[in-house]
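Please open the model in a viewer and keep the sequence panel at hand. The tour below proceeds by selection, with a note on what is found at each stop.

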Amino acid sequence: MCLAIPAKVLKIEKDEAEVESFEVVKRINISLVPGIKAGDYVIVHAGFAIQLIDKDEAEITRGYWKKYFIEDAE
Amino acid sequence: MKESSEQLIKKIRNSIEKISSENNGYHKDRTFRIMEVCGTHTMAIAHYQIPQLLPENINLISGPGCPVCVTAASDIDRIIEIIKTYNLTVFTFGDMMRVPGSASSLSLQKAEGRKIKICYSPLDSLEYAKENPGENIMFIAIGFETTAPLTAVLVKKAVSEKIKNFFIYSTHKIIPPALKALLEDREVKVDAFLLPGHVSAIIGVKPYDFISKIYNIPAVISGFEPESIIKSILMILNQVKEEKSGIQVEYKTVVKHEGNPFAVKQMEDVFEIKDSLWRGLGIIKDSGLELKKIFNNFDAKLSFSVKEIKSIELSGCECGNVLKGIKRPNDCAQFKRTCTPDNPLGPCMVSSEGTCAAYFKYYREN
């Protein structure tokens, strides 16, 4: 339930953003992280960005995520 | 070159073994109980077999980290009574569907024809309300501080968009008072905490300060990969070894010291703190979030009043003790016999992040 995943912000439209997470593009609400811009990385929970994350750290986290939560799921 | 996760885990294990063999504040012959309070940690620890990486005396205990699991039967009963009495369309997160009340569940109610829908994002419920002005929509708001800010945004949106057919039933709870209750409970023996990653992304470090300042217990905010969890355990042992406790952040990618103050402000704008009933732990002071009076129009508890219901907890279900970390799922007589994921008796088995569900899925007979 507290699952949250890293995503890259592609485009911003008012209080929503188009983000990419593991090759899936989706729309999320960004009301909780005012001031973010395209190119930023965020952590997404239940359709909302809840925190900004550091780009380099994000790449590492995405690597772990891919390894453990997606590949291992098979 | 970044070392592989296997190498990193090996290094951390060696460090843990080293501390275990030294004569210091941490005694290798004494059971050392580390409690995690996050459903996602419960699952990660089980999935990656973290206990197998640790010396035998370190026990990883699961606490009340799953918001669905700590929802009291009386809340489920009241929600069901509201659904039966009023003609509502109800939205909830998937996990809530099979949580048992005294006599029924949302899933059973849906099977009987009630309009109950699962949403991934709370915003889905508001969208539906806008598109269906002839229906009254109730969103069951459940979750800790990771999710409460989302409900706050939802409420503010409903206000600004003047939605009249939308209502919220809040069962939100906050974590730090539960940690305090656990530390005060003589039956519960906790030597250290692994603190939740995403709750902490919102609230930051400060709300946990009392754990070290008053109780002198080490605590580390941990990420969810195996190397993060085991590194957090090493950080805890180092605190014991050096005889100083504090709240440390291992999950630095996401958890800033100050958390997300903007998200916290949304929660403070919309909710007030009240006492709350936690399944297994009883009433914990100042641990629940209720809508502020200015949002009375959106409060399902006020708009849809129902008679008082006598709730009964299922006999034989050890969820209460499991949630406190006093018993493990295997200590429950029903576990794997009459209580399975297909036929769950209590919320710890229902929720995908429940302790009993984790044990059922990942741990073999020991």
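## Stop 1: Cys356(B) and its helix

Select Cys356(B), which is buried, with a relative accessible area of 8%; buried means under 20% relative accessible area, exposed over 50%, and partly exposed in between (1.4 Å probe, protein chains only). The model is a predicted one, in which local features need pLDDT of at least 70, side-chain atom pairs count only at pLDDT 80 or more, and totals for chains, interfaces and linings use all residues. Residues are numbered from 1 along each chain as its sequence is written, chains are lettered from A and ligands numbered from 1 in the order in which they are written, and side-chain values use heavy atoms, with hydrogens and water left out.

Extend the selection to helix H15 of chain B, residues 355-362, whose buried residues are Thr355(B), Cys356(B), Ala357(B), Ala358(B) and Tyr359(B). Helices (H or I, at least four residues) and strands (E, at least two) are DSSP runs, numbered from the N terminus. Next, display what covers these buried residues of H15(B): the cover includes helix H2 (39-47), strand S2 (58-62), helix H13 (319-323) and helix H14 (347-350) of chain B. Contact here means heavy atoms within 4.5 Å.

## Stop 2: the disulfide

How many disulfides does a search of the whole structure find over all chains? The search finds one, a disulfide being a pair of cysteine sulfur atoms within 2.5 Å. Select Cys66(B) and Cys69(B), which the disulfide joins with an S to S distance of 2.5 Å. In general, such a link is a covalent bond between the sulfur atoms of two cysteines. The angle about the S-S bond is 70°, and the link of Cys66(B) and Cys69(B) is right-handed. Both Cys66(B) and Cys69(B) are buried.

Return for a moment to Cys356(B), which is in no disulfide; its nearest cysteine sulfur, that of Cys348(B), is 4.7 Å away. Cys119(B) may be selected as well: it counts as buried because its relative accessibility is 5%.

## Stop 3: a helix pair

Select helix H5 (residues 123-131) and helix H6 (residues 148-160) of chain B, which pack at an angle of about 20° with their axes 10 Å apart. H5(B) is therefore roughly parallel to H6(B). Axes are lines fitted to C-alpha atoms, for helices over the stretch in contact, and angles run from 0 to 180 degrees between N-to-C directions; those under 35 degrees count as roughly parallel, over 145 as roughly antiparallel, 65 to 115 as roughly perpendicular and the rest as oblique.

To see the contact, show the side chains of Leu123(B), Ser125(B) and Leu126(B) on H5(B), together with Leu154(B), Lys157(B) and Ala158(B) on H6(B).

## Stop 4: Ile16(B) and Leu234(B)

Move to Ile16(B), placed in helix H1 (residues 5-21) of chain B. Is Ile16(B) buried or exposed? Ile16(B) is buried, at a relative accessible area of 1%. With residues up to four places away in sequence left out, Ile16(B) touches Leu54(B), Pro55(B), Ile58(B), Ile230(B), Ile233(B), Leu234(B) and Leu237(B). A C-alpha to C-alpha distance drawn from Ile16(B) to Leu53(B) gives 9.7 Å, for two residues 37 apart in sequence.

From this list, select Leu234(B), which lies in helix H10 (residues 226-241) of chain B. Leu234(B) counts as buried because its relative accessibility is 13%. Under the same exclusion of residues up to four places away in sequence, Leu234(B) touches Ile12(B), Ser15(B), Ile16(B) and Ile19(B). For a longer view, draw the line between the C-alpha atoms of Leu234(B) and Asp331(B): these residues are 97 apart along the chain and separated by 28 Å.

## Stop 5: two positive phi values

Select Asn216(B), a residue other than glycine with a positive phi, near 55°. Asn216(B) is found in the loop between helix H9 (209-213) and strand S8 (219-221) of chain B, and is exposed, with a relative accessible area of 57%.

Then select Lys336(B), also a residue other than glycine, whose phi is positive and near 70°. Lys336(B) is in the loop between H13 and H14 of chain B and counts as partly exposed, at 30% relative accessibility.

## Stop 6: chain A

Finally, colour chain A by secondary structure, where one helix and five strands appear. Along the sequence, their pattern is β-β-β-β-β-α. Of the 74 residues in chain A, 49% are buried.
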